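Colleague: Got a minute to walk me through this model? I'd like to start with one residue and work outwards.

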Amino acid sequence: MNTLRSLVLARHYRLASIRTVAASVVRPLSVSPSIGSLSRRKSPVVQTSFCGSFSTQANHRFKKAAKVTANPLDELKAEALAYRRVHMERLNQILEKPDDIPVEGYDFLLGCCGSFLLEHPVDTRMKLFQNLWFMAHRDGGKQVSLDRWKILLRIYRENGVELEGGVKEFLKRVEVDKDPEFYELVLAVACERGDAHGMWEVMELLKERGMGLNARIAATLVRGHSKAGDMEAVRTLLDSMSAGNVESDGGVYGELIIGWLKNDQLEKAQKLITEKGSLLSENHVIEALKEALVKGQTGVVKSLAKLLPEAVVQDSSIDPLIRNLCSVLYREGRYESVRTLLGELPVPEFKLNENYDSYAVPLIFDLVKSNAPLEEIVLLVDFLVKTKRNERALHVACECAAKHSIDIYPELLRLLKQQEDLRPHYFWPLIVQNFTRSGEAGVMDALKLMQRYKTELDVETISVFVLPKLSISLKDVRTSLKQFEDRGVKMSVLMTPFVSHLLYQNRFQDAINVVKLYSSKVDTEALIYPLVLQTTVNKSAEHFQTMASVISHLKDKAQNPKHDLAGQLLMELISNRKTKHDVSTIKSLLREFSTHRIRISRMSANVLKNHFSKAQQIDAGLDKLINSLVEDKLTIPSKEMFDSIIVHPRDMTYDELECHLGELEEKKLNCRGVLRRLLQVCVRENRLDRALEIKRKCDEAKVELSSGMLASVFDLHIKRKNVDEAGKTLEQIKTMFPGFLLDEHKVIDFAALLAEKGFPSTAQNVLKQRASSGHIRPGNSNKNIWNLLTNTAQWAAQHDPKSSKNHTGEMLNFLVQLGYCTFDNALLGPVIREYLLKNQTTNAVAEYKRIATEKRRTPLQLEIFTTLVRLTNSNDPEITPDQAKALLAEVIQIGSKIHGATNTNNTLIVALAEAGTEAQLRRILINPETRVNHEYILTQCEFLVNSGKLDVVLRLAKCARGLANVREADFLGVIMKQYARDNNCEAAVALFNRLQAEEGELKISGDFARKLIDLLEVNNYEVPNAVRLYAK
């Protein structure tokens, strides 16, 4: 049924392959501006309420409609041409943009408000028509054309609507000159309603204008008298035609047959069909069929069906004529009549390349979408199956119900179950709909239904449609597994996707518990990608310990005990450039594997050695570690092996490109493509010396320089701080590729280099030229801009140290004006930095206060606080301690207004730890009014440790001893965490020795000692005995 879905939709909405049609193709439509010429060929006033005036062969229409590609209006015209109906959704899409509708397009849109809207009642059609009429004449100044009035009359006729105020009042509103066709259409409107008085009024008008009786008018009058039930008037009319020598044509005979059928004169109708049936148009045959089906006259139906064109009855799908007739019968609730009609059509004969399940698909869709009773849907499906017209009709009905009527879908599945075993994906729509309606309980209900229909869940259904929707139920793993078991889900099927889902959600302990709890095996090959993801997003030592534990437990329950899960994971990590694993992280992971006794295959070990030897990163220790993990019994599936090892040329690393270049040079083959790529990679990876060598090789080989290659050369000169060559390359790019737009970050980097070399005005000119080219994205290059501003500040401090002018501030204002950035907190930092570098502390504090007041930003807040704290404890001639205290109080007050008192006080605490005395720091920490944001201070401490300011953190720890609001052990934990992240064993041991030597000023906790032991053991570092004593 999954493959059927696309076939069903393609048949049901055949316009998807038509796409559009040229306007010239649509002109024969009954609602087009050129209807007059068509109406003179065929009788326009006798067209039925569900037929248009098209050519007879639907396939011919289809081919014509498929030739052109155009806008939505032309697509709608193509739909009307191919199917003789339009969908309201398409009309609404066009009406949403009235300004895009051409003037001539309104003729077509107005004409769609009649029989083309088969699925909608008359009230809906007329309301749409009135809205369109108003839109078409909203200017009010232009007179309505005669063609437009004719369209109105046709719509009134097709919808059976009375003219407002009667015939005479309507004619007064039509101010244009009228032709005979116009009056015939007015007559048709009256006849469609069986309005005898209106018919008499119009006939009097025709007599006044000298228009005698003809075949077209006679056919219209026959229709009108038949509608009124006055068949005596029809007989009188026929006598008048005979007396006036007016010959009857197919239009008159068609209306006579329809009228006699409507008024139960069946023998006359049958006789005329036999005698004159060949003269009838397809539209009359279709309407006569409707009347015969309504009356239940099977014999008449058989006779009329024989009159249909061969192209209509032999259509292997359902011709639009038949489909539209069935839609009218559906709307009137005459479902049995549809089956009777289909029974009179020949059983389709499918060609070799045709879809044998396409017959009557549109009828099934229309029936389901119209919310027909389930019994009628089943009867139609049974009829199609038993008559071998469509043996997969029930599948089609299920497909449509899944999309448009989900309430009957379970019952249709029950019927389908009687024919075949249901597949899990049949229940996907039900799971989605149940979840929308009832949440997680609805999903479980769908699983219960699957159990009742004896359909087993598969891995795809569990992974994609079930587990992602059970966020609350899965909080308790054991309970959720019990719920699955109660619904007949086999643990052997559930285990692998369930564990995979837990891994994706970082629930590693739950995954381990599930594997331990159940004896079911796990397909470890299917878990490789969640493991790759989790190993990539977090490269900490603690996380690697967890991952190793997970892998260890998974291997114990592997379906294939010989599968090298750990080795395949390692190969994925080194072959996928997005994982960004270097030798240190792989080494750390290997050590965890060794600790948990996880083994890898010999092939994986060889790949690892080869990978690291290429990068010249393997040593004896790593080689020994890899060898110790090898187990010959383990293997990797061949498909996975090649997926992991083979790298696409676009993803070649630097080493691979170098090898490839060497091979090409040795064989004396063309190297230009590899040289271009290698140059770009070398510049991107900052291999600048090698990039220069490649550039020389490119020049020697006369490699044609592309715009991207020149951009890399430009970047190369910038990184090598070669201002002259960078400037020449920039001019070369402008000359050779004037339309090429350099990345803004490269231009900003060049401006930063110019500022560093003392050319700030030139830097501004370069930036201005780039901004004038457009495509600047503010905030996209803040790091580069920060570098530019920092270079400007350093240049100003060196070359203009005494001036109070702030060059960095001017540069930032210039960048903001050009749209490169906004006044970001980080970018405002170099503005203050310039004053600090010039030792102009007063100006720095004043600028800080101005920025905080005007822009509510606090750049370099910690440095300002630290500087002022340092001045309170010194005898600086520029700022006395009292002045420093006053300034510090001011900036604290300003910071409190922006960040709150708590965060500002915490910044002050860190500043006191760095520049103040221990007494000052201890005083603020023991103050009961001081509220400490513990997480904020620890975050600042991480920054300080990274900056090498270990003493500051230790001072904080020392002053926090014995306090409840801050814990000294946490500060030591921050330091140890950083050392563990860097695998810095020497520094960690040195810290331990220092703490021990200070004789108890800081307490060495057991947790600290255990973390130190873990770090040392992971790195095979000798653990001092003293550390082990503390750990105990």
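**Walking through the model**

Modeller: Sure, let's begin with L205, which sits in helix α13 (residues 196-208); helices here are DSSP runs (H or I, at least four residues), as strands are (E, at least two), numbered from the N terminus. Before going on: this is a predicted model, where local features need pLDDT of at least 70, side-chain atom pairs count only at pLDDT 80 or more, and totals for chains, interfaces and linings use all residues. Residues are numbered from 1 along each chain as its sequence is written, and side-chain values use heavy atoms, with hydrogens and water left out.

Colleague: Fine. Is L205 buried or exposed?

Modeller: L205 counts as buried because its relative accessibility is 15%. The cut-offs are under 20% relative accessible area for buried, over 50% for exposed and partly exposed in between, using a 1.4 Å probe and protein chains only.

Colleague: What is L205 in contact with, leaving aside its neighbours within four places in sequence?

Modeller: V167 and L171. Contact means heavy atoms within 4.5 Å.

Colleague: And how many Å separate the C-alpha atoms of L205 and G962?

Modeller: 111 Å, with the two residues 757 apart along the chain.

Colleague: Switching to charges. How many salt bridges does a search of the whole structure find?

Modeller: 61. The rule wants a side-chain nitrogen of Lys or Arg within 4 Å of a carboxyl oxygen of Asp or Glu. One of them pairs E192 with R223, with 2.9 Å between the closest N and O atoms.

Colleague: Which helices do E192 and R223 lie in?

Modeller: E192 is in α12 (residues 180-192) and R223 is in α14 (residues 215-228), so the salt bridge ties together parts 31 residues apart in sequence. Both E192 and R223 are buried.

Colleague: Got any that stay inside one helix?

Modeller: Yes, D699 and K695 are one such pair: both lie in α42 (residues 688-700), four residues apart, about one turn of the helix. Their closest N and O atoms are 3.0 Å apart.

Colleague: How do D699 and K695 count, buried or exposed?

Modeller: They split. D699 is partly exposed because its relative accessibility is 42%, while K695 has a relative accessible area of 18%, so K695 is buried.

Colleague: Any other example?

Modeller: D1007 and K1011 form a salt bridge too, with the closest N and O atoms 3.6 Å apart. These two are four residues apart in helix α59 (residues 1006-1018), so about one helical turn separates them. D1007, at 40% relative accessibility, counts as partly exposed, and K1011, at 39%, counts as partly exposed as well.

Colleague: Which residues do salt bridges that share partners join into one network?

Modeller: E192, R223, K227, E255 and E287.

Colleague: Okay, domains. How does the assignment cut the chain?

Modeller: Domain 1 is 70-161, domain 2 is 313-348 + 355-398, and domain 3 is 409-629. Those bounds come from an automatic or database domain assignment.

Colleague: How many Å separate the centres of domain 2 and domain 3?

Modeller: 46 Å, taken over C-alpha atoms. Six residues of domain 2 are in contact with nine of domain 3.

Colleague: What area do domain 2 and domain 3 bury between them?

Modeller: About 730 Å², with 80% of it on carbon and sulfur atoms. Buried area here is the accessible area (1.4 Å probe) that two parts lose on being put together, summed over both. On the domain 2 side, L394, H395 and C398 lose the most area to domain 3, together 66% of what that side buries.

Colleague: What about polar stuff across there?

Modeller: Between domain 2 and domain 3 the salt bridge count is zero. One residue pair is in polar contact, with both residues at pLDDT 80 or more. A polar contact is a pair of N or O atoms within 3.5 Å; within protein, one must be able to donate a hydrogen and the other to accept it, and residues adjacent in sequence count only if both atoms are side-chain atoms.

Colleague: Which helices supply at least two residues of the side of domain 2 that touches domain 3?

Modeller: α24 (374-386) and α25 (393-404). The largest share, four residues, comes from α25.

Colleague: Last topic: backbone oddities?

Modeller: K454 isn't a glycine, yet has a positive phi of about 60°. K454 lies in the loop between α28 (440-452) and α29 (459-466).
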